[in-house]
Amino acid sequence: MNANIPVITLDGPSGAGKGTISRIIAKRLGWHYLDSGAIYRALAVETINLGISADDEVSVRTAARELDLRFEFEAQFAVLLSGRDISAGLQSEACGNQASRIAAIASVREVLLQKQRDFRRLPGLVADGRDMGTVVFPDAPFKFFLTASAKVRGERRYKQLKEKGMNVNLDKIIDELLRRDQRDQNRKAAPLVRAEDAIPVDSSRITIDQVVERITNLILAD
């Protein structure tokens, strides 16, 4: 890893606002952006399309090695799988559940680790996920851990999915978020934990813009 290239990591549970906040900061600084969750969700889409069960470790690992993934970060963020824009399907509950199960497979995480580190390019990188500051970029000079209550995260996800025209249930979304938190926190491979040197930021009662300002000010003051 090139320690001369700065990295900002934003880790935290699903629905904490990591993606939105990270993209705003990356645009503001003119840095590259890595959505690690999109990598796992793209792999989830690929395995679902291929009919591969998350329990089939060998097939999932093979799909991970062959993953043809590219991010576009211009007017809006887009995830391209084999040249096809799959952004709209990444937020479905089926995709999220498959991605969470896949992310618990240590051998798959090893395959995707270098793919993530390859995003570290000048002038800098903003990376969001669950193990960015602990495993992928442990030497990152700026680390943050974003949190929010399950209720707030569920309401945010509910609003997102409703705006996409999906038929969803708030209580079911909150329940699934809690289940996902349990899986992420208790998995053996790179569990969701706050890095010792990461600054915690709770977004439950403050706006996205306020979180961005707080993080940006801390970085620029360094």
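Guide: A residue is called buried when its relative accessible area is under 20%, and exposed when that value is over 50%. The model before us is a predicted one, and these two words will serve us throughout.

Visitor: Which residues are exposed on the face of α9 turned away from its buried side?

Guide: That face carries Asp209, Leu220 and Ala221, which are exposed. The buried residues of α9 are Val211, Val212, Ile215, Thr216 and Ile219. These buried residues lie on the same side of α9 because they cover an arc of only 120 degrees around the axis.

Visitor: How many residues does α9 have, and what is its reach from the first C-alpha to the last?

Guide: Helix α9 runs from residue 208 to residue 221 and has 14 residues. Its first and last C-alpha atoms are 20 Å apart, close to the 20 Å expected at 1.5 Å a residue.

Visitor: I should now like to read a strand. How many residues of β1 are buried?

Guide: In strand β1, residues 7-11, five of the five residues are buried, and the strand is described as mostly covered. One may then take each face in turn. On one side of β1 stand Val7, Thr9 and Asp11, and on the other Ile8 and Leu10; all are buried, so that both faces are covered.

Visitor: Which strands pair with β1, and in which sense, parallel or antiparallel?

Guide: Pairing is read from the bridges between strands, for two strands pair if at least two bridges are found between them. Five bridges join β1 to β6, and these two strands run parallel. Within this pair, Ile8 has Val126 of β6 as its bridge partner. Strand β7, residues 142-147, also pairs with β1 in the parallel sense, over four bridges. There, Leu10 stands opposite Phe144 of β7.

Visitor: What is the order of the strands in the open sheet of three strands?

Guide: The order is β3-β4-β5, and the pairing is antiparallel. Strands β3 (69-73) and β5 (84-85) stand at the edges; each has a single partner strand, so one side of each is left without a neighbour in the sheet.

Visitor: How many bridges join β3 to β4, and how many join β4 to β5?

Guide: Five bridges pair β3 with β4, and two bridges pair β4 with β5. Leu80 is a useful residue to follow here: Arg70 stands opposite Leu80 in β4, and Leu80 stands opposite Asp85 in β5. As to burial, five of the five residues of β4 are buried. Phe77, Val79 and Leu81 are on one side of β4, with Ala78 and Leu80 on the other.

Visitor: Where is Ser82, and what is its phi, positive or negative?

Guide: Ser82 is placed in the loop between β4 and β5. Its phi is positive, at about 50 degrees, although Ser82 is not a glycine. The hairpin of β4 and β5 has two residues between the strands.

Visitor: Which peptide bond is cis, the one that joins Leu122 and Pro123?

Guide: The bond joining Leu122 and Pro123 is cis, with omega about 5 degrees. Pro123 lies in the loop between α5 (106-117) and β6.

Visitor: Why does Ala103 count as buried?

Guide: The relative accessibility of Ala103 is 6%, and for that reason Ala103 counts as buried. Ala103 is found in helix α4. One may also compare distance in sequence with distance in space: Ala103 and Ala44 are 59 residues apart in sequence, and their C-alpha atoms are 9.5 Å apart.

Visitor: Let us end with empty space. How much space lies in the largest pocket?

Guide: Rolling a probe the size of a water molecule over the atoms shows where empty space is left. In this model, the largest pocket holds about 1100 Å³ of space. It is lined by 40 residues, of which Arg23, Asp35, Gln91, Arg157 and Gln160 are the closest to its centre.

Visitor: What is the make-up of the lining of the largest pocket by class?

Guide: The lining has 16 charged, 14 polar and 10 nonpolar residues. Several elements supply at least two residues each to the lining, including α1 (18-29), α2 (36-50), β4 (77-81) and α8 (170-186).

Technical notes. Residues are numbered from 1 along each chain as its sequence is written. This is a predicted model: local features need pLDDT of at least 70, side-chain atom pairs count only at pLDDT 80 or more; totals for chains, interfaces and linings use all residues. Side-chain values use heavy atoms; hydrogens and water are left out. On a 1 Å grid over the protein atoms alone, a cavity is a set of points where a 1.4 Å probe fits but cannot get out, and a pocket is an open set with protein on both sides within 12 Å along at least five of seven lines; lining residues have an atom within 4 Å of a point. Grid points are joined across faces, edges and corners, and a volume is the space filled by probe spheres set on the points. Ala, Val, Leu, Ile, Met, Phe, Trp, Tyr, Cys and Pro count as nonpolar, Asp, Glu, Lys and Arg as charged, and the others, Gly among them, as polar. Buried means under 20% relative accessible area, exposed over 50%, partly exposed in between (1.4 Å probe, protein chains only). The expected span of a helix is 1.5 Å times one less than its number of residues. The arc is that of the directions from the helix axis to the C-beta atoms.
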